[in-house]
Amino acid sequence: MSIAERYKDVVNQVSAAAVASNRDPEDVSIVAVSKTHPASYVEQALSAGARVFGENKVQEGVEKAGLVESDEIEWHLIGHLQKNKVRKAVLAFDVIQTIDSLKLAQRVDRIADEESRYLKVFVQLNLAAETSKFGASESELLKISDFLASASSLEFAGLMAIPPFFKNPEDVRPYFRKLRELRDELREDGIFSGDSGWLSMGMSQDFPVAIDEGATHVRIGTAIFGQRG
Ligand SMILES: *Cc1c(COP(=O)(O)O)cnc(C)c1O
């Protein structure tokens, strides 16, 4: 199957999962994760209708975005952001999904302000406190949320997590549910108003379960672009 065919297949699977969970397919965005793949792959997915792309490295994202001619793409940073790469990231990406400390949030806001940029951000949570993974703890989330609620150049768009890997996607469900509950608490606290507060969770292997638990953004690489080399 071509990338275009695989992308359309994923769109159908995402829609089917949303409908099965009594949700509107329009409420679930596919972030096509193009990391390690060439710009030509992005163009193929673009021609099939993909508009949101995810990269996990700042430099790679900057280069790829420069090669793909399109004003329609929304680029999401989904990998760890080092503080010396913030300016580059702020200029190249539309959404940063990986805010994981108060310091980083403050720095991104300051630099976005300096560059006259306005970005949406997600706070990344490390739900299982895995030492191998980045992400804020629940207590850090509250501090970061308070700051983001009043940040001048950032919109606090939602929460993101990369749960531990399990062969059986059902085993990931408690982590997806936990992220949704944290989002619901932030709604109760008035940090997210109305039905705002997106949830970026679910990858190729487990996105139907994530959608069932309320995912608004599923980050899908392998199912669209094939195995990474
Ligand atoms: C690579 C990556 C994905 C995509 O994973 P697949 O299993 O290929 O769909 C999703 N999220 C993050 C943060 C990633 O780094």
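Tutor: A polar side-chain atom of Thr222 lies 2.5 Å from an oxygen atom of the ligand. The model is predicted, so local features need pLDDT of at least 70 and side-chain atom pairs count only at pLDDT 80 or more, whereas totals for chains, interfaces and linings use all residues. Residues are numbered from 1 along each chain as its sequence is written, and side-chain values use heavy atoms, with hydrogens and water left out.

Student: What makes the pair between Thr222 and the ligand a polar contact?

Tutor: A polar contact is a pair of N or O atoms within 3.5 Å (within protein, one must be able to donate a hydrogen and the other to accept it, and residues adjacent in sequence count only if both atoms are side-chain atoms). The distance for Thr222 is 2.5 Å, so the pair qualifies.

Student: How do you know that Lys35 and Gly221 also make polar contacts with the ligand?

Tutor: An N or O atom in the side chain of Lys35 is 2.6 Å from a ligand oxygen. For Gly221, a backbone N or O atom is 2.9 Å from an oxygen of the ligand. Both pairs therefore meet the definition. On its own the ligand has 390 Å² of accessible area, and the protein covers 88% of this, as computed by the Shrake-Rupley method with a 1.4 Å probe (for residues, only the protein chains shown count as cover).

Student: Which residues surround the ligand, and how do they divide into nonpolar, polar and charged?

Tutor: The ligand is surrounded by Val33, Lys35, Ile78, Ile162, Met203, Ser204, Arg219, Ile220, Gly221, Thr222 and Arg228, where being near means having a heavy atom within 4 Å. This shell holds 5 nonpolar, 3 polar and 3 charged residues. Lys35 counts as charged because Asp, Glu, Lys and Arg are charged; Ala, Val, Leu, Ile, Met, Phe, Trp, Tyr, Cys and Pro are nonpolar, and the others, Gly among them, are polar.

Student: Why is Gln97 called buried?

Tutor: Buried means under 20% relative accessible area, exposed over 50%, and partly exposed in between (1.4 Å probe, protein chains only). Gln97 has 0% relative accessibility, so it is buried. Gln97 is found in strand β4, residues 95-99; a strand is a DSSP run (E) of at least two residues, a helix one (H or I) of at least four, and both are numbered from the N terminus.

Student: What makes Val95 buried?

Tutor: Val95, also in strand β4, has a relative accessible area of 3% and is therefore buried. The C-alpha atoms of Val95 and Val172 are 25 Å apart in space, with the two positions 77 residues apart in sequence.

Student: How do you know that Pro174 is exposed?

Tutor: Pro174 has 51% relative accessibility and so counts as exposed. Its place is in helix α7, residues 173-188. The C-alpha atoms of Pro174 and Gly61 are separated by 32 Å, and these residues are 113 apart along the chain.

Student: Why is Ala129 called exposed?

Tutor: Ala129 is exposed because its relative accessible area is 62%. It is found in the loop between β5 and α6 (138-149).

Student: Where does Ser116 lie, and is Ser116 buried or exposed?

Tutor: Ser116 lies in the loop between α5 (102-114) and β5 (119-125). Its relative accessible area is 69%, so Ser116 is exposed. The phi angle of Ser116 is near 50 degrees, a positive value in a residue other than glycine.
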